[in-house]
Amino acid sequence: MSRRPLIAGNWKMFGRRRDLAEISALKASLGVLQGVDIVICPPSTLLAAAATIAAPEILVGGQDCRVGIDGAFTGDISASMLADAGASWCIVGHSERRQGYGETSVLVAGKAKAAMDAGLIPIICVGETLEERKAGQTVEVVSRQIRESLPPGAPATTVIAYEPVWAIGTGLTPTLAEIAEIHAAARQALPVDMRVLYGGSVKPGNAAEIFHVEGVDGALVGGASLKAADFAAIILAHPASARR
Ligand code: PEP
């Protein structure tokens with residue numbers, strides 16, 4: 001069965017209530033799209049409002065969750081809370097958490113399981129640092145992160161996002177041949193066929209060529225997902241984005 005394209009936006013720690021207007025504007029400029037899943041992951045403070053505005057064409061997700069269920073964990077958020085706020089997706093293992101908070105793949109697998117147990121679809125991020133790339137370790141690192149970050153029995157709905165750390169927010173991207181090579185290697189590490197997204201400086205100007213790369217099932221977009229015009233241009237650059 002063919003894999004349905006997915007384009008997800010990660011707002012990171014950006015966004016106030018006034019920015020919810022970007023979701024309305026995105027819906028207005030996209031109309032009803034067939035053939036592409038669209039997800040926005042706003043900060044948790046905006047999740048419930050975003051879910052209401054985005055539905056039904058656009059789904060929303062959290063950017064992280066805690067392992068396990070609710071408890072006395074000040075400042076944390078459980079996957080079940082995200083679901084209760086209207087999320088149906090959750091990013092886990094973003095490099096800003098792996099790098100900034102020392103999150104290991106074992107922890108990421110626990111978070112992905114918590115997301116799945118709460119009925120959310122995890123988007124599990126993997127990717128090499130610049131040092132690992134320079135050392136020729138990209139395939140090894142990405143394959144290992146996939147194997148260790150996927151919970152046992154993860155279903156085919158689970159999503160992997162290949163995001164080279166050095167490409168995130170830098171304006172740099174791998175060559176198209178490199179993206180194809182890493183996506184092929186990532187697929188070898190998967191226990192079942194899953195969607196593999198590319199992430200890292202996807203913009204309106206490079207989205208189309210990236211979407212045409214063999215094995216790329218869509219994108220995880222950071223900065224360019226904050227403005228409706230840019231995110232809409234990226235989504236419409238996908239060949240599966242057919243207006244009804
Ligand atoms: C991200 O945050 O996942 C990301 C890919 O960011 P950017 O598109 O800004 O590089």
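Student: How much of the accessible surface of the protein chain belongs to carbon and sulfur atoms?

Tutor: Of about 10,900 Å² of accessible surface, carbon and sulfur atoms hold 56%. Keep in mind as we go that this is a predicted model.

Student: Okay. How many helices and strands should I look for in the protein chain?

Tutor: You'll find 10 helices and 10 strands. The chain's radius of gyration is 17 Å, while the globule rule gives 18 Å for 244 residues, so the chain is as compact as a globular protein of that length. If you like box dimensions, the C-alpha trace spans about 45 × 45 × 35 Å along its principal axes.

Student: What share of the residues is buried?

Tutor: Buried residues account for 50% of the 244. There's also a way to see how the chain folds back on itself: take the contacts between residues at least 6 apart in sequence, and 73% of them join residues at least 24 apart.

Student: And charges? How many positive and negative side chains are there?

Tutor: The count is 22 positive and 24 negative, with the centres of the two sets 4 Å apart.

Student: Let's zoom in on a strand. Are the faces of strand 9 covered or open?

Tutor: A strand has two faces to check, and in strand 9 (residues 218–221) both are covered. Gly-218 and Leu-220 are buried on one side, and Ala-219 and Val-221 are buried on the other.

Student: Which strands pair with strand 9?

Tutor: Strand 1 (residues 6–10) runs parallel to strand 9, joined to it by 4 bridges. Strand 8 (residues 195–199) also pairs with strand 9 in the parallel sense, over 2 bridges. Try finding Leu-220: Ala-8 stands opposite this residue, and so does Gly-199.

Student: Now single residues. Is Ala-229 buried or exposed?

Tutor: To call a residue exposed, you need a relative accessible area over 50%. Ala-229 has 61% relative accessibility, so this residue counts as exposed. Look for Ala-229 in helix 10 (residues 228–236). For a sense of distance, its C-alpha atom is 39 Å from that of Pro-152, a residue 77 places away along the chain.

Student: What about Ser-241: buried or exposed?

Tutor: Under 20% means buried, and Ser-241 has a relative accessible area of 12%, so this serine is buried. Ser-241 belongs to the loop between helix 10 and strand 10 (242–243). Leaving aside residues up to four places away in sequence, Ser-241 touches Leu-33, Gln-34, Val-36, Ile-235 and Leu-236.

Student: I've heard about odd backbone angles. What is the usual pattern?

Tutor: Most peptide bonds are trans, and most residues other than glycine have a negative phi. That makes departures from the pattern handy things to look for.

Student: Which residues does a cis peptide bond join here?

Tutor: Ala-55 and Pro-56, with omega at about 0°. Pro-56 sits in the loop between helix 2 (47–54) and strand 4 (59–62).

Student: Where is Lys-12, and what is its phi near?

Tutor: Lys-12 lies in the loop between strand 1 and helix 1 (20–30). Its phi is near 50°, a positive value in a residue other than glycine. Lys-12 has 17% relative accessibility, so this lysine counts as buried.

Student: And what is phi of Ser-201 near?

Tutor: Phi of Ser-201 is near 55°, again positive in a residue other than glycine. You'll find Ser-201 in the loop between strand 8 and helix 9 (207–211). With 9% relative accessibility, Ser-201 counts as buried.

Note on methods
Residues are numbered from 1 along each chain as its sequence is written. This is a predicted model: local features need pLDDT of at least 70, side-chain atom pairs count only at pLDDT 80 or more; totals for chains, interfaces and linings use all residues. Side-chain values use heavy atoms; hydrogens and water are left out. The radius of gyration is taken over C-alpha atoms; the globule rule is 2.2 Å times the number of residues to the power 0.38. Buried means under 20% relative accessible area, exposed over 50%, partly exposed in between (1.4 Å probe, protein chains only). Contact means heavy atoms within 4.5 Å. Accessible areas come from the Shrake-Rupley method with a 1.4 Å probe; for residues, only the protein chains shown count as cover. Lys and Arg count as positive and Asp and Glu as negative; His and the chain ends are not counted. The place of a charge is taken as NZ of Lys, CZ of Arg, CG of Asp or CD of Glu. Two strands pair if DSSP finds at least two bridges between them.
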